[in-house]
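Me: I'm new to this one, so could we take it step by step? Please show me the sequence and the structure before we start.

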Amino acid sequence: MDKIMLGHGGGGRLSQQLTSELFLKYFGNPVLNTLEDAAVLMLPQRKIAFTTDSYVVTPRFFPGGNIGKLAVCGTVNDLAMRGGEPLFLSVGFILEEGFSLTELEEIVQTMAEAAAAAGVQIVTGDTKVVGKGAADGVFINTAGIGVIDETLQISVSNAQPGDKVIISGTIGDHGMTILSLREGLSFKADLRSDCAPLNGLVKALSRFEQNIHVLRDPTRGGVASTLNEIAASSNVGMIINETSLPFKPQVKASCDLLGLDPLHLANEGKLIAVVANSVADEVLQVLRSHEYGKDACVIGEVTDGRRVALRTYIGSTRIIDIASGELLPRIC
Amino acid sequence: MNEADLAQWFINEIKKCKRPLVFMEVCGTHTMTISRYGLRSVLPDNIRLLSGPGCPVCVTATRDIDMGIAFARIPGLILTTFGDMIRVPGSNSSLLRERVNGRDVRVVYSILEALEIARQNPSRQVVFYSVGFETTAPSTAFGIMEAKTANLKNFSVICIHKTLPNALRVLLDSGEIGINGFLLPGHVSAIIGVRAYDFLAKEYSIGGAVAGFEPNDILSAILTLIRQQQSGPMIENEYRRVVKEAGNEAALKAMQLVFRPCDSEWRGIGVIPGSGLMINADWQEYDALQRFQVDVGEPVEHKGCACGEILRGVKLPDECTMFGTVCTPENPLGPCMVSGEGSCAAYYRYR
């Protein structure tokens, strides 16, 4: 048994074997182990965050992570961006007939590690197998539940003029890493995906209570899209300083080479925080003392205009526009 | 002096010139830098920058877009090309629409990626639809040489490469535009060298400055062109850190080996003698036009699209009646709105 067969999704003996020998081995916990039709959960608070996301990234393995790590971190981060403390995840696999079990085990193991690192439990799941050619190896869906601290008021529509815009680290690492792995794209740079769970970082910010106005992770569409979404939802503008934007030199150089705007590249372990000016310095200190926020910096501020503008290093300004061309397919 | 101070110094020097002057950039990357850094907003009103036919996607003729679409419709064939090309509207379809309809059209970043696809699909024909100026033509030549070395029998190229100098000549001969100097492209010049433009100064008394792609490179070149109004027109290399007088000999040699000059149709300009590159007889087994027969009807241009006039520098993008209303980057009617290097898209994005 070294390849996925249609029977692994058939509900019979092979399905049971896969569940007990692989999924329970790595994901096992008292709730999941009962193998009931639905997990019954006890929540410590009444206000909850609930989200879902599907993962189809290609290639499945990349420096800094794999599709499994992404599937756990992505959903954990979406919960965290509403101030939710992630507690429970569901995992759904869609497997292609013939997919390597060794590869699946590596993905499952990484997911277990990522869940442990984020402090979440995988409490329910599902596996389907489709015929050869009907999917590309493995697709993963995760959904998550987190509980929300009632003192927080975090929303994409909550940015206010005068707020500071902060990013937790370097821009574009994930997107450029995936891009550099494309077959035949003959450049080798020291690139690594930033894929990481950000709930610890968000928890550290919770002490600032209602002074944290917006949190968002700039995944697909990159920083440019996220800033525009915040501005549009909050009916505000922004002015971002080009000289303040943090980039790894190899990411910047690769962007120049390919003619891409790093603000359009996906990130999987960064957050953008819009915070009250009065706490900006302190927020920065807290972020920088955290493993995933070492390179945090203020990149601009919220204005009462309507445009998201970049002040370039020569002193002119331009609009930060969202990407409309075909960016990479399947980056997450 | 840091970069910001240097920029300010250039701007102040440029402002000392009170004459109305028009300079044309003929490189898509220059168009992008000018728009991205809002250079028009920091220049005085008397200095106007005009975009010429510098975006390779934009100057590709509708007929050639239609031909790519016809190739995509050949059963079993994999058509590979650069990202911007798939969105350019042809007479009544685009490669993107063909892909939605089930044709196998794949976006690649280089010909090497297309070669890899050919290696992995030995039972299928893989065609690389190649556009670009002297900047990308050498890599296409190297790719074709690589295909021969690797004995790839299922790989061929639709070669729509163009060369720049003759297009500048045609623009000037038309007498439609009054320009006082050219910002000459850094990448193209890195391949062909600086002397290829000498005819501009000698025959047309119009100077040029080869410029890099940072805002200060462009500002510096503009200042050079202003100073030439006193000192006389000449071709100056302002991008010495990359561009050598004689160009890149290895790249030129590869181009000479694989290609030969041909007449080429430019959108908005028409057929320009000797301004295209075709695969020569020695390498014709890699010429998709030799390998396949496709029927392409007479092209239908979109009524009201001013891309042609914009490419010739006769109109500015926002002088087109469709600009930003019916024609946007999400729904482009002409190629200048598709490519990030197109002057309409650049105007629109950073307006």
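Me: Which residue in β6(A) stands opposite Ala49(A)?
Reply: This is a predicted model, where local features need pLDDT of at least 70, side-chain atom pairs count only at pLDDT 80 or more, and totals for chains, interfaces and linings use all residues. Residues are numbered from 1 along each chain as its sequence is written, while chains are lettered from A and ligands numbered from 1 in the order in which they are written. β1(A) and β6 (residues 138-148) of chain A run antiparallel and are joined by eight bridges. Across from Ala49(A), in β6(A), stands Gly146(A).

Me: Which strands stand at the edges of the open sheet of four strands?
Reply: Strands here are DSSP E runs of at least two residues, helices are H or I runs of at least four, and both are numbered from the N terminus; two strands pair if DSSP finds at least two bridges between them. The sheet's order is β1-β6-β4-β5 (chain A), with mixed pairing. A strand with a single partner has one side left without a neighbour in the sheet, so the edges are β1 (48-55) and β5 (121-130) of chain A.

Me: What about the open sheet of seven strands: how many degrees does its twist average?
Reply: Its order is β8-β10-β7-β11-β9-β12-β13 (chain A), and the pairing is mixed. β8 (212-216) and β13 (317-319) of chain A are its edge strands, each pairing on one side only. Axes are lines fitted to C-alpha atoms, for helices over the stretch in contact, with angles from 0 to 180 degrees between N-to-C directions. From one strand to the next, the twist averages 25 degrees.

Me: Which residue of β13(A) is the bridge partner of Leu310(A)?
Reply: Three bridges join β12 (residues 308-311) of chain A to β13(A), and the two run antiparallel. In β13(A), Leu310(A) has as its bridge partner Arg318(A).

Me: Which element gives the largest share of the side of domain 1 of chain A that touches domain 2 of chain A?
Reply: Chain A has domain 1 (6-148) and domain 2 (164-319), with bounds from an automatic or database domain assignment. Each of the two gives 20 residues to the contact, where contact means C-beta atoms, placed from the backbone, within 7 Å. On the domain 1 side, α3 (67-80), β4 (84-96) and α4 (101-118) of chain A give two or more residues. The largest share, seven residues, comes from α3(A).

Me: And between the chains, which element gives the most to the side of chain A that touches chain B?
Reply: The contact has 18 residues of chain A and 27 residues of chain B. With three residues, the element giving the most on the chain A side is β13(A).

Me: Is Arg349(B) buried or exposed?
Reply: Arg349(B) sits in helix α16 (residues 343-349) of chain B. Leaving aside neighbours within four places in sequence, Arg349(B) is in contact with Ile319(A), Asp321(A) and Ser35(B). A residue is buried if 20 or more other C-beta atoms, placed from the backbone, lie within 10 Å of its own, exposed if 12 or fewer, and partly exposed in between. Because Arg349(B) has 20 other C-beta atoms within 10 Å, the answer is buried.
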